[in-house]
Amino acid sequence: MTADGAPRPATRRANWQGFRSLSRAMFLGFVRDRAALFFTILFPVLFLLLFGSIYKSSSTPKVTVVEIGKVSVLDQARAASNGQLNKVLDITRRASLATALNDVRQGNVDAAVQQQGGRLIVHYSVANPTTAGVVTSVFSGIVQEANQAASPRPPAFQLSTQQVEDKSLKPIQYLTPGLLGWAIASSGAFAAAITLVGWRKNKLLRRLRLAPVSTTSIVTARIAVSVAVAVVETFVFIAIATTPYFGLKLTAYWWMAIPVVICGTLAFLSIGLLVGALAKSQEAATALVNLIILPMAFLGGAFIPLAFAPQWIVHVSYVMPLRYLVIGMQNVMARGDGPASALPAMGLLLAFAAVLTLIAVRVFRWDEI
């Protein structure tokens, strides 16, 4: 140190070299830590790509509408808009009111519209309040324009909106199956993956292999525990959602959600089994499960509806088991459909579980490589 108290040049060089060496070591450590690299950079980028694709258009989303019979107000509005209204509404025509309402209830179309004299009736689904709001806003503008065109006479047309479901149904009817589906998917996949990797690293798998316990018993025990947890989780969700604060109203066939939950648990256990067979550490298994389940929760409609998503995202969702788990529960818990409505979803979930389990068995290993 010099007389005036300043550090000597050699000391400054040593501090700089130490700072540079530590910085380099920390940076290399971060780059080599795949889990940290994934969750810090790659994972946020994946969500940027996902949400950027969903919300890339700032214009009014196009909605599908069924015109029941002849709706002169709508026809006149389309003719007067010079094609602008067709950019917002995708309109088809049907003669059967019951068929059109069922399409709205099942989510095949966004709304159905009919005209009774000067009354324009718009039928919507409570399953998607956002879409219902867009539809109501568009048709409110159509009625307002028609009344202005008839000025100075009194308003000739009125807008009436009706939800296709029972009036007692609320959005919680659809929110509960979505969040429950995500919870079941996460718990099933994480339980199988983390347990399998942990047992392999602790050499417990080797001991179990040498013990007088069959592989079937080990697998059956894991499945039984996961199914029991999923069923308990289902009843907890229902108990909370049916409180007066949330107001969930169970339909007559809500109990059919239990076998759907069991099939969904098996499907996501197979995902966890495959991840556990491939991952070399619990950190890697956690990263892989998150990479699979979280994007699937958005693409499968567990968190947000896909009504406004690009078509390629909607098409991708058809290969994701979470979509069918959520739809199967919604059919019997919210839409009030019969038990048969859940069978296609259950079949697809079981088929998915069978295929992934066979793959996982082929790549399974008892010991670390």
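In the predicted model, R93 forms a salt bridge with E67, and the closest N and O atoms of the pair lie 3.1 Å apart. The two residues belong to distant parts of the chain, being separated by 26 residues: R93 sits in strand β2 (residues 89-94) and E67 in strand β1 (residues 63-68). The partners differ in their exposure to solvent. R93 has a relative accessibility of 52% and is classed as exposed, because the threshold for that class is over 50%. E67, at 1% relative accessibility, is classed as buried.

The structure contains 2 salt bridges. Besides the pair of R93 and E67, the side chains of D103 and R94 meet in a salt bridge with an N to O distance of 2.1 Å. D103 has a relative accessible area of 11% and is therefore buried, since buried residues are those under 20%. R94 reaches 29% relative accessibility and counts as partly exposed. Side chains of opposite charge can pair when their charged atoms come close.

At the level of the whole chain, 13 helices and 5 strands are present. The chain has 369 residues, of which 42% are buried. Contacts between residues at least 6 apart in sequence were also examined, and 75% of these join residues at least 24 apart. The exposed surface of the chain amounts to about 19600 Å², with carbon and sulfur atoms supplying 64% of this area.

The largest nonpolar core comprises 42 residues, and the members that touch the most other members are F268, L322, L325 and M329. Several helices contribute at least two residues each to this core, namely α6 (172-201), α8 (215-241), α9 (257-278), α10 (282-299), α12 (321-333) and α13 (343-363). The largest share, 9 residues, is supplied by α9. When residues up to four places away in sequence are left out, F268 touches A185, G188, A189, I293, M296, P321, L322 and L325. Two of the residues touched by F268, L322 and L325, are themselves listed with F268 among the core members that touch the most others.

A second core, separate from the one described above, consists of 22 residues and includes V63, V88, F139 and F157. V63 of this second core lies within the residue range of strand β1 (residues 63-68), the strand that also holds E67.

Definitions and conventions:
Residues numbered from 1 in each chain as written. Predicted model: local features only at pLDDT ≥ 70, side-chain atom pairs only at ≥ 80, totals over all residues. Heavy atoms only, no water. Helix = DSSP H or I, 4+ residues; strand = E, 2+ residues; numbered from the N terminus. Buried < 20%, exposed > 50% of the residue type's maximum accessible area, 1.4 Å probe, protein only. Contact = heavy atoms within 4.5 Å. Areas by Shrake-Rupley, 256 points an atom, 1.4 Å probe, with all protein chains shown as cover. Salt bridge = Lys/Arg side-chain N within 4 Å of Asp/Glu carboxyl O. Core = buried A, V, L, I, M, F, W, Y, C linked by side-chain atoms within 4.5 Å.
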